[in-house]
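Colleague: I would like to learn how to read a model like this one feature by feature, with the general idea before the particular case. Could we go through it together?

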Amino acid sequence: MHFDVFNGDADGIMSLVQLRLAEPQESILITGVKRDIALLEQVNPESASSVTVLDISMEKNSEALTTILHAQVPVRYFDHHRIGQEIHSPLLSSHINTSADVCTGLLVNDYLHAKHYLWAIASAFGDNLDAVAMRHCALHGIEQSLAEQLKSLGTLVNYNGYGRYIEDLHFHPADLFKQLLACETPVNLFNQGYSVYHQLQDAYQQDMARAQSAQVLYNSSVCKVVSLDDQPWARRVSGVFSNQLANNAPDKAHAVLTKNVDDSYTVSVRAPLNDKQGADEVCVQFTTGGGRAGAAGINALPQEQVERFISTLENYYN
């Protein structure tokens, strides 16, 4: 059996959409909420004939990856997150670039020679790489109205991936992948009367309206930190709200803290858009932190470490 293992956000889903449009293949789908990234451990090496991995950190999956490779299972890996200690094997085909201006969808786009570039552009928008996505729009002669729809699609699919539990999401990422794959091109989504795109659009607008009342914990010329309640809507918007704040003030770093049931916080961090580096360096200083240079997060920041986190964020970019 072939396994497709992918992040449940826009980048992971749309990377796999591109691949499976170009290379149709029956597979076992392994995915989850966006922050569920230790996904490779769900692959049973004894039943796997091959594995494709998309948009999950090799650093966070190194042990499971090594086990799969030792079982003589070939693995193809596309990603842009932290690598950690590099793994070498003739069975491992790596397509990894940790640049702040790259996402997994664009790596797949290069691999497929831009065969399904509309999905790649939407994935870049979903990862808040707006300038990069617009360059690709210009490269392919995409008109402004379609570019705006692709940006909206990337934002909405990314929004769907955030949550503590699958039940927080509007669509299971595996089901959303299947619906997008069946559309073949994003244009078909936009033209359908009440497609998944329009359903997510309505839900997104309702949730983002609530987010505008977020409590400001800290605000300086260097960074801004806000807090959201422990509610499903708040968990859903934590990532896209972080992106909105970053877009509105591109010279500042931003963090959105969402309360967890144990009084810790899930943290979404965005580096300044005009200096897209260091978000991962800030977050890995905390036990459950990780990510990439432009955008990173902490899964469970203890309440007593909030002030330390704010100081770390402020000092890093000061």
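Colleague: To begin with the sheet, how many bridges join strand 1 to strand 2, and do these strands run parallel or antiparallel?

Modeller: Please keep in mind throughout that this is a predicted model. Strand 1 and strand 2 (residues 28–30) run parallel and are joined by 3 bridges, with Asp-4 standing opposite Leu-29 of strand 2. Strand 1 is also joined by 5 bridges to strand 3 (residues 50–54), again in a parallel arrangement, and there Phe-3 stands opposite Val-51.

Colleague: What unit do strand 1, helix 1 and strand 2 make?

Modeller: Together, strand 1, helix 1 (residues 10–22) and strand 2 make a β-α-β unit that is right-handed.

Colleague: How should I read the side chains along a strand, and which residues lie on each side of strand 1?

Modeller: The general idea is that side chains in a regular strand alternate between the two faces of the sheet. In strand 1, His-2, Asp-4 and Phe-6 lie on one side, while Phe-3 and Val-5 lie on the other, and both faces are covered, with all of these residues buried. The count for the whole strand, residues 2–6, agrees with this, since 5 of its 5 residues are buried.

Colleague: Turning to aromatic rings, how many aromatic pairs does a search of the whole structure find?

Modeller: The search finds 6 aromatic pairs. One of them joins Phe-190 and Tyr-197, whose ring centres are 4.9 Å apart and whose planes make an angle of 70 degrees, an edge-to-face pair because planes over 60 degrees apart are counted that way. Both Phe-190 and Tyr-197 are buried. Another of the pairs, Tyr-316 with Tyr-317, is likewise edge-to-face, at 4.9 Å centre to centre and 70 degrees between the planes.

Colleague: Are Tyr-316 and Tyr-317 buried or partly exposed?

Modeller: Tyr-316 counts as partly exposed because its relative accessibility is 32%, whereas Tyr-317 is buried, with a relative accessible area of 14%. The cut-off that matters for this reasoning is 20%, under which a residue is called buried.

Colleague: Where is Thr-312 placed, and which residues does Thr-312 touch, not counting residues up to four places away in sequence?

Modeller: Thr-312 is in helix 12, which covers residues 306–317, and, with those sequence neighbours left out, Thr-312 touches Val-282, Gln-285 and Phe-286. Thr-312 counts as buried because its relative accessibility is 14%.

Colleague: Next, the backbone: what is the phi of His-113, and what is the phi of Asn-128?

Modeller: His-113 has a positive phi of about 55 degrees although it is not a glycine, and Asn-128, also a residue other than glycine, has a positive phi near 65 degrees. His-113 is found in the loop between helix 3 (104–111) and helix 4 (117–126), while Asn-128 is found in the loop between helix 4 and helix 5 (130–139). As for their surroundings, His-113 counts as exposed because its relative accessibility is 72%, whereas Asn-128 is buried, with a relative accessible area of 9%.

Colleague: Finally, how many cavities of 30 Å³ or more does the structure hold, and which residues line the largest cavity?

Modeller: The structure holds 1 cavity of 30 Å³ or more, and about 70 Å³ of space lies in the largest cavity. Asn-128 appears again here, since the lining includes Asp-127, Asn-128 and Leu-129, together with Arg-270, Ala-271, Leu-273, Lys-276, Arg-292, Gly-294 and Ala-295.

Notes: Residues are numbered from 1 along each chain as its sequence is written. This is a predicted model: local features need pLDDT of at least 70, side-chain atom pairs count only at pLDDT 80 or more; totals for chains, interfaces and linings use all residues. Side-chain values use heavy atoms; hydrogens and water are left out. Buried means under 20% relative accessible area, exposed over 50%, partly exposed in between (1.4 Å probe, protein chains only). Helices (H or I, at least four residues) and strands (E, at least two) are DSSP runs, numbered from the N terminus. Two strands pair if DSSP finds at least two bridges between them. A crossover is right-handed if, with the strands pointing away from the viewer, the path from the first strand over the helix to the second runs clockwise. Contact means heavy atoms within 4.5 Å. Rings of Phe, Tyr and Trp (its six-membered ring) pair if their centres lie within 6.5 Å; planes under 30 degrees apart count as stacked, over 60 as edge-to-face and the rest as tilted. On a 1 Å grid over the protein atoms alone, a cavity is a set of points where a 1.4 Å probe fits but cannot get out, and a pocket is an open set with protein on both sides within 12 Å along at least five of seven lines; lining residues have an atom within 4 Å of a point. Grid points are joined across faces, edges and corners, and a volume is the space filled by probe spheres set on the points.
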